[in-house]
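Visitor: Could you take me through one part of this model closely, namely the helices that pack against one another towards the start of the chain? I would also like to see how that part sits within the rest.

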Amino acid sequence: MGVLRDAKARKLPAPWRPTRQRMAVLGALYERAGFTSAQELHEALEADGITVGLTTVYRALHALDRSGQVDVVRDRTGERLYRPRPSDGHRHYLVCRDCGFSTAVEAGPVERWAENVSETMGFTEVEHTVELTGVCDRCRVGPTAQNPAGQHA
């Protein structure tokens, strides 16, 4: 077993207490398609009549991130965007810089590379972040008559 796998087996995620606000944020996150910002989650919660402050949303997302329950990417302005992490572990995504569409990508080579680098350098408990952004086919071609905003269905 490699260094990264050993570290993952030893290092448990930060504890996560399921408070009312955190559960509301997590529920709103599961209702969204794709990655979403804290501001968008806050607006969705307010629209549903759930009173949670924006600062609380940020804190809940930070706790979810520390506990390994969300995947995080950054948009072109550097804002962090969140989506629930699949039960089988973290994923790497390719995100459209124009419309925000995201798709999971095969990351086996990245995981092996990170493991090899950490072993070679003698590091343990190594974590990594890989962010892939580009322009999706729909945005590259431009908006269509059926979809003038250029957003994905």
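Guide: Gladly; here is the overall setting, then the helices, and then the strands that follow.

This is a predicted model, in which local features need pLDDT of at least 70 and side-chain atom pairs count only at pLDDT 80 or more, while totals for chains, interfaces and linings use all residues. Residues are numbered from 1 along each chain as its sequence is written, and side-chain values use heavy atoms, with hydrogens and water left out.

The protein chain has 6 helices and 6 strands; helices (H or I, at least four residues) and strands (E, at least two) are DSSP runs numbered from the N terminus. Their order from the N terminus is α-α-β-α-α-β-β-β-β-α-β-α. Of its 153 residues, 31% count as buried, where buried means under 20% relative accessible area, exposed over 50%, and partly exposed in between, with a 1.4 Å probe and protein chains only. Among contacts with a separation of 6 or more, 51% come from residues 24 or more positions apart; a contact here means heavy atoms within 4.5 Å.

Let us start with α3, which spans residues 38-47 and has A38, L41, H42, A44 and L45 buried. Viewed down the axis of α3, these buried residues fall within an arc of 165°, so they line one face of the helix; the arc is that of the directions from the helix axis to the C-beta atoms. Their cover includes α2 (20-31), β1 (36-37) and α4 (54-66). Just after α3 comes G49, with a positive phi of about 80°.

Two of those covering elements also meet each other. α2 and α4 pack at an angle of about 80°, with their axes 9 Å apart; axes are lines fitted to C-alpha atoms, for helices over the stretch in contact, and angles run from 0 to 180 degrees between N-to-C directions. α2 and α4 are therefore roughly perpendicular, a label for angles of 65 to 115 degrees, whereas those under 35 count as roughly parallel, those over 145 as roughly antiparallel and the rest as oblique. On the α2 side the contact is made by Q21, R22, V25, L26 and L29, and on the α4 side by T56, V57, A60, L61, A63 and L64. These residues divide into 8 nonpolar, 2 polar and 1 charged, where Ala, Val, Leu, Ile, Met, Phe, Trp, Tyr, Cys and Pro count as nonpolar, Asp, Glu, Lys and Arg as charged, and the others, Gly among them, as polar.

T56, in helix α4, deserves a pause. T56 is partly exposed, with a relative accessible area of 28%. Although T56 and R22 are 34 residues apart in sequence, their C-alpha atoms are 8.2 Å apart in space.

Now for the strands, which count as paired if DSSP finds at least two bridges between them. β2 (residues 70-74) and β3 (residues 80-84) pair in the antiparallel sense over 5 bridges, with Y82 of β3 as the bridge partner of V72. Their hairpin has 5 residues between the strands, and there G78 takes a positive phi near 95°. An open sheet of 3 strands has the order β5-β4-β6, with mixed pairing. Its edge strands, β5 (102-105) and β6 (132-134), each pair on one side only. β4 (residues 92-96) and β5 pair in the antiparallel sense over 4 bridges, and L94 stands opposite T103 in β5.
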